Amino acid sequence: MKDVTNYDAFLKGLTTHRMIASIKDPRHIEAALALRNQLSGVFLLTGHIGVVKGYVDVFKEHQLPVFLHLEKIGGLSTDNYGLEYLAKVIKPSGIISTKTNVVKTAKKMDLITIQRFFLVDTEGLDNIAKSLCQIKPDIIEVMPARIPDMIGKVKAITSLPIITGAYCMSKAM
């Protein structure tokens with residue numbers, strides 16, 4: 001069963017800090033750790049199967065929830081075996097994926113799931129609604145973040161927590 005305490009702590013951190021570090025290069029790990037008291041968590045978008053456990057362990061040592069963006073981690077398959085290895089050996093707080101089938105499998109592995117959606121045109125809302133009919137992730141992320149009027153429309157179709165990302169240069173929106 002998903003670690004409800006970890007999930008609740010992450011959501012509480014989001015209300016307190018409203019900032020998640022997106023690590024796209026290993027050189028940014030130290031910068032994120034320096035800001036750890038201002039972060040609610042870390043999205044890891046770099047690494048490969050040989051190093052990612054070390055990255056996850058570093059953030060966990062500093063009590064920072066860490067989520068792996070599976071499409072960005074080299075050498076890690078998103079099939080049942082890859083996700084089982086991820087859940088049992090690497091042990092992140094959860095995953096981020098744009099793919100509904102990956103979210104569905106990760107939920108079976110009791111990982112916190114964040115499904116990332118891109119609102120680039122009018123079909124975006126329909127795609128969110130269709131995906132949420134198939135599987136209910138724990139959290140959804142909508143990108144780009146600078147679309148406040150669209151966030152209200154997304155809220156109208158789901159009660160799930162919503163994270164926004166991309167093009168954020170400051171903490172408050």
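A residue is taken as exposed when its relative accessible area is over 50% and as buried when that area is under 20%. By this criterion Q63, at 67%, is exposed. The residue lies in the loop that joins α3 (52-61) to β3, and its phi is positive, about 55°, although Q63 is not a glycine. The model in which these values were computed is a predicted one.

A second non-glycine residue with a positive phi of about 55° is K91. This lysine is found in the loop between α4 (80-90) and β4 (94-97). With a relative accessibility of 44%, K91 counts as partly exposed, a class that falls between the two cut-offs of 20% and 50%.

The protein chain contains seven helices and seven strands. Read from the N terminus, these elements follow the order α-β-α-β-α-β-α-β-α-β-α-β-α-β. The radius of gyration of the chain is 15 Å, which agrees with the value near 16 Å for a compact globule of 173 residues. Along the principal axes, the C-alpha atoms occupy a box of roughly 40 × 35 × 30 Å. Buried residues make up 44% of the 173 residues. Of the contacts between residues at least 6 apart in sequence, 53% join residues at least 24 apart.

Two aromatic pairs are present in the structure. In one of them, F10 and F67 are tilted, with 4.7 Å from centre to centre and 50° between the planes. F10 belongs to helix α1 (residues 4-17) and F67 to strand β3 (residues 66-69), so this pair ties together parts of the chain that are 57 residues apart in sequence. F43 and F67 form an edge-to-face pair, because their planes stand at 80° with the ring centres 5.9 Å apart. Here the link is between strand β2 (residues 41-44), which holds F43, and strand β3, which holds F67, the two residues being 24 apart. Ring pairs thus join F10, F43 and F67 into a cluster. Both F10 and F67 are buried; the relative accessibility of F67 is 0%. F43 is likewise buried, with a relative accessible area of 4%.

F10 also takes part in the surroundings of S40. S40 is placed in the loop between α2 (29-34) and β2 and is buried, at 5% relative accessible area. Neighbours within four places in sequence being set aside, S40 is in contact with F10, G13, L14, H17, M19, I20 and P65.

Another buried polar residue is Q115, in strand β5 (residues 112-118), whose relative accessible area is 0%. A polar contact of 3.0 Å connects the side chain of Q115 to the side chain of T100. Beyond residues up to four places away in sequence, Q115 touches S97, T98, K99, T100, V103, S131, I135, P137, I139, I140 and E141.

S131, one of the residues touched by Q115, is also among the buried residues of α6, which are G124, I128, S131 and L132. Viewed down the helix axis, these buried residues fall within an arc of 95°, so they line one face of α6. They pack against α5 (100-108), β5, β6 and α7. On the other side of α6, the residues K130, C133 and Q134 are exposed. The end C-alpha atoms of this helix are 17 Å apart, in agreement with the 16 Å that its 12 residues should span at 1.5 Å a residue.

Helix α7 (residues 148-157) has M150, I151 and V154 as its buried residues. Seen along the axis of α7, the buried residues lie within an arc of 105° and so line one face of the helix. Elements that cover these residues include α6 (123-134), β6 (139-143) and β7 (162-164). The face of α7 turned away from the buried side carries the exposed residues P148, D149, K155 and A156.

How values were computed
Residues numbered from 1 in each chain as written. Predicted model: local features only at pLDDT ≥ 70, side-chain atom pairs only at ≥ 80, totals over all residues. Heavy atoms only, no water. Buried < 20%, exposed > 50% of the residue type's maximum accessible area, 1.4 Å probe, protein only. Helix = DSSP H or I, 4+ residues; strand = E, 2+ residues; numbered from the N terminus. Arc of directions from axis to C-beta. Contact = heavy atoms within 4.5 Å. Phe/Tyr/Trp six-rings, centres within 6.5 Å; stacked < 30°, edge-to-face > 60°. Polar contact = N/O pair within 3.5 Å; in protein donor to acceptor, adjacent residues only side chain to side chain. Expected span 1.5 Å × (residues − 1). Rg over C-alpha atoms; globule rule 2.2 N^0.38 Å.
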